[in-house]
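This report is meant for someone meeting the structure for the first time. It moves from one chain and its parts to the contact between chains, and then to the strands of the other chain.

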Amino acid sequence: MKPVSVKNLSITLGAAQILPDVSFDVAAGECFGLVGESGSGKSTVLRCASMLWSIWDGEVRIGDQSVRDMDVMERCRTLQMVFQDPYGSLHPRQSVRTVLSEPLAIHGLDNRQDRMKAALSDVGLPSEFLDRFPHQMSGGQRQRVAIARALILEPDVLFLDEPTSALDVSVQAEILNLLARLRQEKGFTYIMVSHDLAVVDHMCERFAVMQSGRIVEVLDRDDIVANRAKEPYARELIGASLAYEQVV
Amino acid sequence: MVTLPLGTARRRSLPHGLVSLGRIAAFLFRAPPSAFGLVVLALLILMAAFAPLLATHDPYVQDLQSTLQPPSGAHFFGTDELGRDIYSRIVHGSRITLTIIFVVSIVVGPIGLFIGTVAGYYGGRVDTVLMRLTDIFLSFPSLILSLAFVAALGPSLNNAIIAISLTAWPPIARLARAETMTFRSADYIAAARLQGASSARIIWKSIVPMCLPSVLIRLTLNMATVILTAAGLGFLGLGAQPPLPEWGAMIATGRRYMIDSWWLVTFPGVAILLVSLAFNLLGDGLRDALDPKQINKR
């Protein structure tokens with residue numbers, strides 16, 4: 001279990017400031033949500049913190065190490081990411097076996113067969129799925145494979161980039177329960193991007209509301225139902241979400 | 001313990017490849033044009049493999065007693081100005097044609113794929129340098145460039161092959177780059193990077209398999225051009241040298257007797273036409289067969 005802290009994360013391209021200034025702290029083993037409308041910079045924060053994008057200022061620490069200073073291999077074994085769209089995050093011409101064995105080969109880990117089977121059973125898939133290709137699986141099964149891929153290097157921190165928004169509602173619940181169970185079993189720290197407050201309410205202890213690249217307010221889960229947000233934008237967002245839930 | 005899973009993976013992936021190859025062949029046979037291309041190509045390969053058995057005469061032996069004989073039972077396609085059997089020369093010439101096609105594809109495919117994927121994946125300065133280099137090669141008419149090259153190195157079959165390779169890779173590099181740019185921001189590439197895969201590993205394992213179908217199609221369509229360029233170089237005396245039975249060179253020497261002895265140019269010409277047509281049709285068929293939108297349905 002490792003805490004994550006993001007300090008003064010900002011992106012400036014020329015004169016344009018794309019992400020002004022983002023800071024937040026996530027305790028070890030916590031699930032922290034990032035919510036906001038499209039284009040508010042939620043996914044950008046994850047892509048910067050995971051070093052997929054490297055042109056940013058500020059500091060992101062996992063445990064007591066900055067992600068910038070970490071060795072690439074060590075960073076890969078510390079943080080992993082689950083992407084939004086399971087149709088785009090699995091290589092269309094690679095079997096599950098290839099998807100899972102690649103990271104093991106890169107990191108030179110032994111007992112590959114056992115590790116692959118363990119990762120699949122962790123996400124509730126039988127080991128026969130090793131020989132399937134992405135087009136032979138449903139969306140939920142693909143997302144399970146994507147989660148297994150993130151698990152196989154045994155990271156401490158998982159970044160979840162809207163892991164359920166591309167899935168059917170019934171499958172969403174399965175994946176969310178799976179993620180909650182994995183956090184209990186393995187003690188992951190989650191940072192979860194979502195625009196669905198119901199998902200955040202189900203998963204996260206605390207969450208930050210983002211608007212145009214800024215964190216407007218950090219709230220507790222309990223603040224949602226009572227809508228105890230102080231900032232007008234956060235209150236508006238939560239109010240809209242609550243009103244929507246009532247209509248549905 | 002470590003080798004065991006690798007072994008099983010290989011054993012299982014081979015039938016999958018064979019199965020999809022069989023599916024592609026079945027798909028090609030369903031459409032008459034691509035079936036024609038496949039049949040002609042198969043005949044060409046068989047002809048080259050069994051050339052000594054199929055040929056009725058030695059392609060190099062001259063018989064000055066029977067020069068410029070019209071097609072008959074003894075000489076299916078007639079004889080040329082030195083009394084050599086044209087049918088046997090065409091049969092043996094298929095070996096030269098196949099060699100040219102094979103070597104050019106072996107050279108051009110990997111070079112084009114490498115330059116294209118590297119340029120597309122890295123982008124920025126690498127892309128600029130590699131693509132301007134490609135532009136320079138593209139800006140020469142390919143026949144002129146190969147002519148200049150062969151003229152500089154001296155006329156021979158090997159130099160013709162090098163010259164053709166030199167002019168045939170840029171379109172493939174362009175294609176591979178365009179394909180790579182559509183994939184490089186995909187989530188599965190990001191996931192591979194998050195797993196610590198090096199750029200070389202990502203290009204080889206993730207990007208090349210995605211570019212391969214379109215590069216193969218392009219290569220097949222290119223074959224027709226390669227055959228025509230090789231024949232053109234042979235015709236101009238810059239390709240295969242006499243007495244090699246290269247089809248283009250056969251037309252060149254037969255040109256002088258064309259008015260009286262039509263068979264000297266007609267049969268090699270028909271052979272060139274058939275083979276380049278077959279490759280074009282096969283390429284078109286492959287494009288349909290390897291279409292990623294359809295490949296999952298079969």
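In this predicted model, the centres of domain 1 of chain B and domain 2 of chain B, taken over C-alpha atoms, are separated by 28 Å. The domain assignment places residues 1-30 of chain B in domain 1 and residues 32-295 in domain 2. Where these domains meet, four residues of domain 1 of chain B are in contact with five residues of domain 2 of chain B, and the side that domain 1 contributes has four nonpolar residues, with no polar and no charged ones.

## Chain B as a whole

Chain B has twelve helices and zero strands, and its C-alpha trace spans about 75 × 40 × 35 Å along its principal axes. Of its 298 residues, 41% count as buried. Among contacts in chain B between residues at least 6 apart in sequence, 69% join residues that are at least 24 apart.

An unreviewed UniProt entry lists residues 94-283 of chain B under "domain: ABC transmembrane type-1", and under "transmembrane region" an unreviewed entry lists residues 35-55, 96-123, 143-169, 215-241 and 261-283 of the chain. The table sets out the computed helix content and end-to-end distance for the "domain: ABC transmembrane type-1" span and for two of the "transmembrane region" spans.

| Span of chain B | Helix | Strand | Distance between end C-alpha atoms |
|---|---|---|---|
| Residues 94-283 | 83% | 0% | 20 Å |
| Residues 35-55 | 90% | 0% | 26 Å |
| Residues 143-169 | 89% | 0% | 14 Å |

## The nonpolar core

Which residues have the most contacts inside the largest nonpolar core? This core has 145 residues, and those with the most contacts inside it are A:Ala148, A:Phe159 and A:Ile191 from chain A, together with B:Ala160, B:Val226 and B:Ile227 from chain B. The largest share of the core, 16 residues, comes from helix H9 of chain B, which covers residues 199-235. If neighbours within four places in sequence are left aside, B:Val226 is in contact with B:Ile100, B:Ile101, B:Val104, B:Ile164 and B:Ala168.

## Where the chains touch

Turning to the contact between the chains, 21 residues of chain B are in contact with 27 residues of chain A. On the chain B side, the elements that give two or more residues are helix H1 (3-30), helix H8 (187-194) and H9 of chain B, and the largest share, six residues, comes from H8(B). By class, this side of chain B has 13 nonpolar, four polar and four charged residues.

## Strands of chain A

Is strand S8 of chain A, residues 189-194, enclosed or open? Six of the six residues of S8(A) are buried, so this strand is largely enclosed by the rest of the structure. In a regular strand the side chains alternate between the two faces of the sheet. Both faces of S8(A) are covered, with A:Thr189, A:Ile191 and A:Val193 buried on one side and A:Tyr190, A:Met192 and A:Ser194 buried on the other. A:Ile191 in this strand is also among the residues with the most contacts inside the largest nonpolar core.

S8(A) pairs with S3(A) in the parallel sense over five bridges, and within this pairing the bridge partner of A:Leu34 is A:Val193. Five bridges also join S8(A) to strand S7 of chain A, residues 157-161, and these two strands run parallel; here A:Val157 has A:Thr189 as its bridge partner.

Strand S3 of chain A, residues 31-36, pairs as well with strand S9 of chain A, residues 206-211, in the parallel sense and over five bridges, and the bridge partner of A:Phe32 in S9(A) is A:Arg206. S9(A) in turn pairs with strand S10 of chain A, residues 214-220, in the antiparallel sense over six bridges, where the bridge partner of A:Arg206 in S10(A) is A:Asp220. S9(A) and S10(A) form a hairpin with two residues between them, and A:Ser212 in the turn has a positive phi of about 35°.

Note on methods
Residues numbered from 1 in each chain as written. Chains lettered and ligands numbered in written order. Predicted model: local features only at pLDDT ≥ 70, side-chain atom pairs only at ≥ 80, totals over all residues. Core = buried A, V, L, I, M, F, W, Y, C linked by C-beta atoms within 7 Å. Buried ≥ 20, exposed ≤ 12 C-beta atoms within 10 Å, placed from the backbone. Helix = DSSP H or I, 4+ residues; strand = E, 2+ residues; numbered from the N terminus. Contact = placed C-beta atoms within 7 Å. UniProt positions renumbered as here; feature names shortened; annotations may be inferred. Pairing = 2+ DSSP bridges. Nonpolar A, V, L, I, M, F, W, Y, C, P; charged D, E, K, R; others polar. Domains from an automatic or database assignment.
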